[in-house]
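Open the model in your viewer and keep the sequence panel beside it. The stops below say what to select next and what is there.

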Amino acid sequence: MTTITSIDPSLYLSNQSTQRAPSSELGKDEFLKLLVAQMQNQNPMNTMDEGEFIAQMATFSSLEQMMNMSKSMELLVNNQLVSPAIQYSHMIGETVNYRTFDEETGREKGIESSKVVSVSQQDGWAVFHLENGEKIYADTVIEVGTSGQEKDDESENNVTDPSDNEEGEE
């Protein structure tokens with residue numbers, strides 16, 4: 001003879017939750033299961049209207065396309081969050097102008113120019129390694145494409161003659 005010692009009270013039907021927690025999302029798999037269940041349980045004497053069936057299939061197709069578009073958008077956003085070193089790699093070989101500062105006083109010394117030879121990443125920021133041996137953060141660049149020497153040459157060529165001055169002042 002077997003003896004039952006005890007029954008777990010959590011298994012009583014009265015202790016089971018009568019409310020179910022609904023899912024906040026209805027995916028394409030759930031939609032397809034509902035559609036198949038509807039077709040299996042339809043009244044054989046009064047089958048589903050073809051128009052209604054086509055409308056449900058169109059809804060299913062739209063849902064699938066939206067989910068694919070959502071995945072594509074997520075992929076696009078993730079690609080935009082690429083490493084700063086890769087983001088600024090197009091700067092290699094470009095001449096950049098940047099401000100230099102005195103390390104002791106913090107005062108601006110002037111503008112220097114150099115070519116970018118490589119790009120690295122430090123603390124989430126892009127760092128340009130320059131031909132002159134310096135390393136600068138990408139956000140300190142004030143101009144791309146012209147060297148400081150070329151700017152000086154241009155300003156020398158644009159010196160105005162005091163006689164050209166309308167008021168005749170020197």
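Start with the whole chain in cartoon view: this predicted model has four helices and five strands. Followed from the N terminus, the elements come in the order α-α-α-β-β-β-β-β-α. Of the 170 residues, 17% count as buried. Switch on the surface, and the accessible area is about 14300 Å², with 50% of it belonging to carbon and sulfur atoms. Among contacts with a separation of 6 or more, 41% are between residues 24 or more positions apart.

**Stop 1: the helices before the strands**

Select residues 28–40, which are helix α1, and pick out Asp-29 in it. Asp-29 counts as exposed because its relative accessibility is 52%, and the cut-off for exposed is over 50%. Now add Phe-60 and draw a distance between the two C-alpha atoms: Asp-29 and Phe-60 are 9.6 Å apart in space and 31 residues apart in sequence.

Next select residues 50–80, helix α2, and find Met-69 there. Is Met-69 buried or exposed? Met-69 is exposed, at a relative accessible area of 56%. Show Met-73 and Leu-76 as well; together with Met-69 they make a nonpolar patch of about 320 Å² on the surface.

**Stop 2: β1 and β2**

Select β1 (95–101) and β2 (108–122). The two strands run antiparallel and are joined by seven bridges. One pair to label is Arg-99 with its bridge partner in β2, Ile-111. Six residues lie between the strands of this hairpin, and Gly-106 has a positive phi near 80 degrees.

Stay with Arg-99 and show side chains. Which residue forms a salt bridge with Arg-99? The partner is Glu-108, with the closest N and O atoms 3.4 Å apart. That separation fits the rule used for a salt bridge, which asks for a side-chain nitrogen within 4 Å of a carboxyl oxygen. By this rule the count is one salt bridge. Color both residues by accessibility: Glu-108 is partly exposed at 43%, and Arg-99 is partly exposed at 39%.

**Stop 3: β3 and its neighbours**

Add β3 (125–130) to the selection. β2 and β3 run antiparallel, with six bridges between them. At the turn, look for Gln-122, which stands opposite Trp-125 of β3. Two residues separate the strands in this hairpin, and Asp-123 in the turn has a positive phi of about 55 degrees.

On the other side of the selection, add β4, residues 135–137, which is antiparallel to β3 and joined to it by three bridges. Phe-128 has Ile-136 in β4 as its bridge partner. The hairpin of β3 and β4 has four residues between the strands, and Gly-133 there takes a positive phi near 95 degrees.

Now color β3 by burial. Five of its six residues are buried, so β3 is largely enclosed by the rest of the structure.

**Stop 4: the core**

Hide the cartoon and show side chains for the largest nonpolar core. How many residues does this core have? The core has 12: Ala-85, Met-91, Val-96, Tyr-98, Val-116, Val-119, Ala-126, Phe-128, Leu-130, Ile-136, Ala-138 and Val-141. Bring the strands back, and β1, β2 and β3 each supply at least two of these residues. The most come from β3, which gives three. In soluble globular proteins, nonpolar side chains tend to be buried together.

Finish by centering on Val-119, one of the core residues. With neighbours within four places in sequence left aside, Val-119 is in contact with Ala-85, Tyr-88, Ser-89, Ile-92, Ala-126, Val-127, Phe-128 and His-129. Of these contacts, Ala-85, Ala-126 and Phe-128 are also listed in the core.

Note on methods
Residues numbered from 1 in each chain as written. Predicted model: local features only at pLDDT ≥ 70, side-chain atom pairs only at ≥ 80, totals over all residues. Heavy atoms only, no water. Patch = residues over 30% accessible without salt bridge, like charges linked within 9 Å, V, L, I, M, F, W, Y side chains within 5 Å. Areas by Shrake-Rupley, 256 points an atom, 1.4 Å probe, with all protein chains shown as cover. Buried < 20%, exposed > 50% of the residue type's maximum accessible area, 1.4 Å probe, protein only. Core = buried A, V, L, I, M, F, W, Y, C linked by side-chain atoms within 4.5 Å. Contact = heavy atoms within 4.5 Å. Pairing = 2+ DSSP bridges.
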